[in-house]
Structures are given as structure tokens and as C-alpha cells.
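Please consider the structure shown below, together with its sequence. The paragraphs that follow lead through its elements in turn.

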Amino acid sequence: MYPSTPLLKTRFTQNFGIITFKQFKQKRFAHDLVVRKTTGKPIIKYGPGGRSSVSGHIATVFGSTGFLGRYLVSKLAKHGTQVVLPYRDEDAKRHLKVTGDLGQVVFLEFDLRNEQNIIEAVRHSDIVYNLIGRDYETKNFTYEKVHIEGAERIAKLCKKFDVSRLVHVSALNADINSPSRFLRTKALGEKAVKEQFPDVTIVRPGYMFGPEDRFLNRLSGFPYELMVNHGETLFSPVYVIDVATALETMMKNETTISSTYELYGPAVYSMREIYDIIDDIMKKKRTRLNVPNPIALGITKLLTYLPWPYLTPDEIERYCISDKPGKAVGGGEVKTFSDLGVELVDLESKAIQVVRRYRSNTHFDQPISKNIGKVKKGVYHVEY
């Protein structure tokens with residue numbers, strides 16, 4: 001190995017109140033230099049590794065203030081990657097400031113419809129993650145404007161400014177012929193992004209669960225267990241940290257270029273089985289009701305008039321669609337977690353982190369019963 005020009009650094013020591021300064025040399029070796037295959041740009045890292053080191057990567061994360069975004073940013077920043085975080089709401093991004101060392105987390109206010117804002121966010125990055133998505137529509141941002149037009153705009157500008165990598169997060173079950181507009185627009189967005197940036201890596205996660213999710217929290221927080229499709233729809237919930245780990249791995253693994261990944265959990269559950277797991281953790285038996293689809297669609301349509309819709313008609317449509325493997329855009333192999341070497345966590349072992357807060361004070365500190373989960377003493381904490 002051939003070291004490059006040594007770096008001169010200053011180290012000081014204090015002995016009996018006297019401060020002395022010494023200079024020492026830090027050598028860089030060939031393995032500290034990485035060259036991107038797509039653009040040929042060099043990435044030089046230094047430091048022992050970790051939060052206060054520099055990985056050499058600059059990553060832009062659109063949608064960083066969302067559920068998945070906070071975990072991805074934490075994983076990137078704690079390994080010395082400088083992250084650029086476009087945001088809309090000043091209060092929504094505050095918790096991300098402490099995820100990285102000083103100067104490693106850069107915030108930029110942006111509007112998805114403003115190309116100049118997007119250019120400022122991606123122009124210095126070697127990888128861009130697009131995690132932007134909407135569970136419900138507003139008058140300014142419909143599914144089409146976010147999932148298709150916004151995604152296409154980001155991909156076009158990434159290509160224009162020679163960004164090495166683009167990772168586009170879609171959704172499991174995305175299909176142009178789906179009865180759900182959310183899933184249809186996600187599929188159309190994949191196609192639009194692929195046309196603008198052919199080397200894009202497309203990621204389709206399933207229903208994600210974790211402390212701030214909209215899956216287990218929603219199913220646990222209501223006094224009744226409401227179901228559609230008689231609770232027979234099949235789901236493969238995936239732990240949000242597993243998805244964040246996979247996305248981080250894609251930054252360094254260039255075999256993921258121009259690939260499609262479907263990231264779903266290790267086990268398949270019906271809605272009834274998920275409710276059974278929640279009941280065992282909560283130590284409470286709630287009344288279970290099946291709501292016919294027409295009634296559920298009518299009620300959720302009324303809920304859309306609230307300032308923040310709790311449940312939308314499109315989500316009712318999605319609750320009737322079982323998770324199943326799909327096809328890559330333009331054909332080709334669809335890869336999974338196993339191709340990235342990520343070890344998965346099952347729903348039973350982590351659901352207590354989410355559901356425990358909904359227990360009564362009588363059972364709050366008790367472990368779950370019936371030996372369903374693999375919960376051990378001392379593991380009730382949030383991982384990052």
C-alpha cells in the first residue's frame with residue numbers, strides 16, 4: 001500500500017498545569033480511497049471510524065423528518081457521513097440535529113416543486129435517498145404530485161448534476177393496476193424515476209413497525225379492534241431499523257446499482273394474528289369487529305375532512321391487499337434482505353417496544369405472557 005501525503009495534526013497534553021503541544025502525522029493508505037464506478041469521483045475517508053470520523057460520503061436524504069428517515073440519518077451520521085437534510089417544517093427536523101457530529105448534519109429548507117431548492121440539496125452529494133411519500137392527500141400535494149412528479153424531478157436533477165447514486169423508496173405491492181391510488185402512483189413513480197435515472201436503486205419496504213409507526217400504534221390505540229376483509233389480509237411487517245440498515249448498506253455496496261429490492265419481514269401474519277399478538281402484549285381482550293368495505297370507505301371519507309385524517313379510504317383499500325412479491329421495473333430479478341446480508345428481527349420480539357405504552361398501569365412492567373415473544377429483561381429500549 002502506498003500512503004499519500006501525511007496530515008499534520010496537533011495534539012496537546014497537560015501535565016501539572018503546563019500545556020505542551022506536539023505534532024503527529026496521520027497516514028492515509030490505498031484502502032482509504034474509494035472511487036465511484038459510475039462517475040469516477042474519489043471518496044477519501046480518514047479517522048478511526050465512528051461519529052467523529054469522516055467517511056468521505058455526502059448523502060442527501062429527502063423525507064428525513066419522516067418515520068424511516070430519522071433512523072437512516074442516525075445510521076449514516078454516526079459513521080461519519082455528512083448528511084444534507086432538506087426540510088419543510090422547522091419543528092419537524094429539530095431531533096435530527098444531534099444525530100451527527102458538529103457540521104455533519106446540514107439542513108436546507110426546500111419545496112418539492114422548486115427545482116433550485118432541489119439543486120442546492122443534491123449538487124455536492126454522491127448519493128441521494130428519496131424517502132418522500134404521502135399516506136393522505138392535501139390540496140397542495142396529491143399522490144401524483146408527490147409520488148410521480150416530485151420523484152421524477154429529483155431523479156432528473158440528480159442525473160443532470162452527476163450524482164453517483166440514487167436510492168428511491170417506493171412501497172411493497174406497488175402496481176399500476178392496483179385498486180389503491182397510493183400503490184398505483186408509487187408504481188408510476190418508479191417508472192418515471194427509472195426513465196430519468198437508469199441506474200437508480202428501487203426499494204419497496206412493506207409495512208414498517210417501530211416506536212413512531214402508523215401500523216402497531218394505530219392498531220393498539222383504539223378501544224375496538226376494527227378489521228376489514230374479515231381480518232384475512234396477509235402482512236409481512238418489517239422492523240424499521242432493518243430497512244434503515246439495508247439503505248445504509250446500499251451506499252457502500254455498488255452491486256445494488258440498477259436493482260430493485262423488496263424489503264419485507266421474516267414472517268407472514270393475518271390481521272387477526274397481529275391483533276392476537278397485540279392483545280397478549282397489552283394483557284387486554286378488546287372487542288373485535290369486522291366492518292364491511294362500503295361502510296369503512298364511507299366513514300373514512302368523512303374523516304378526510306378533519307385537519308389531519310386519521311384513516312383514509314385509500315388505506316382501507318390497502319388493508320384488503322395481501323403482501324406478495326412483485327416484478328422489477330422493466331423486468332429483471334427482484335432482490336431481498338438476504339442479498340444485503342441483513343439479519344431480520346421478527347414482529348413478536350420488538351412489538352412490545354411499541355405496544356407497551358398502551359397497557360394499563362396494572363400490567364405496565366410485566367413481560368408478555370404465553371411465551372409468544374422473545375422479550376428479555378433489560379431490552380425495553382429504542383435502538384438507533
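Which helix is largely enclosed by the rest of the structure? Helix H10 (residues 347-355) is, because nine of its nine residues are buried; buried denotes a relative accessible area under 20%, exposed one over 50%, and partly exposed the range in between, with a 1.4 Å probe and protein chains only. Helices here are DSSP runs of H or I with at least four residues, strands are runs of E with at least two, and both are numbered from the N terminus. This is a predicted model, in which local features need pLDDT of at least 70 and side-chain atom pairs count only at pLDDT 80 or more, while totals for chains, interfaces and linings use all residues. Residues are numbered from 1 along each chain as its sequence is written, and side-chain values use heavy atoms, with hydrogens and water left out.

The buried residues of H10 include Leu347, Lys350 and Val354. Those buried residues pack against strand S11 (208-209), helix H5 (216-220), strand S14 (238-239), strand S16 (269-270) and helix H7 (271-282). One residue of H10, Leu347, is in contact with Ile274 (contact means heavy atoms within 4.5 Å), and beyond its neighbours within four places in sequence Ile274 also contacts Phe215, Leu216, Leu219, Phe235, Pro237 and Tyr269.

Ile274 leads to the nonpolar interior. A nonpolar core is a set of buried Ala, Val, Leu, Ile, Met, Phe, Trp, Tyr and Cys residues joined through side-chain atoms within 4.5 Å. The largest such core has 62 residues, and Tyr129, Leu216, Leu247 and Ile274 have the most contacts inside it. Helix H6 (residues 240-252) supplies the largest share of this core, eight residues. A second, separate core comprises 22 residues, among them Val122, Leu157, Cys158 and Phe197. Helix H6 also holds Met251, which counts as buried because its relative accessibility is 1%. The C-alpha atom of Met251 is separated by 7.8 Å from that of Arg165, although the two residues are 86 apart along the chain.

The sheet can be considered next. Eight strands form an open sheet in the order S7-S6-S5-S8-S9-S10-S15-S18, with parallel pairing; two strands pair if DSSP finds at least two bridges between them. Strand S7 (105-109) and S18 each have a single partner strand, so these edge strands are left with one side lacking a neighbour in the sheet. Strand S6 (residues 82-87) is mostly covered, with five of its six residues buried. S6 is joined to S7 by five bridges, and it pairs in the parallel sense with strand S5 (residues 58-62) over three bridges. Val84 in S6 stands opposite Thr60, and its bridge partner in S7 is Val106.

Another strand of this sheet, S10 (residues 201-205), contains Arg204. Arg204 counts as buried because its relative accessibility is 3%. Its side chain makes a polar contact of 2.8 Å with the side chain of Glu190; a polar contact is a pair of N or O atoms within 3.5 Å, where within protein one must be able to donate a hydrogen and the other to accept it, and residues adjacent in sequence count only if both atoms are side-chain atoms. A polar contact of 3.0 Å joins the side chains of Arg204 and Glu262. Outside the residues up to four places away in sequence, Arg204 touches others including Ser170, Tyr261 and Lys327.

Aromatic rings provide a further set of links. The whole structure holds 11 aromatic pairs, where rings of Phe, Tyr and Trp (its six-membered ring) pair if their centres lie within 6.5 Å, and planes under 30 degrees apart count as stacked, over 60 as edge-to-face and the rest as tilted. Tyr143 and Phe182 form an edge-to-face pair, 6.0 Å centre to centre with 85° between the planes. This pair links helix H3 (residues 143-160), which holds Tyr143, to helix H4 (residues 181-196), which holds Phe182, across 39 residues. Both Tyr143 and Phe182 are buried. The planes of Phe235 and Tyr319 stand at 80° with ring centres 6.3 Å apart, so this pair is also edge-to-face. Tyr207, Phe215, Phe235 and Tyr319 form one aromatic cluster.

Charged groups also meet these rings. The charged end of Arg318 sits over the ring of Phe182, 3.9 Å from its centre; the criterion is NZ of Lys or CZ of Arg within 6 Å of the ring centre and within 35 degrees of the ring normal. Lys159 lies over the face of Phe197, at 5.5 Å from the ring centre.
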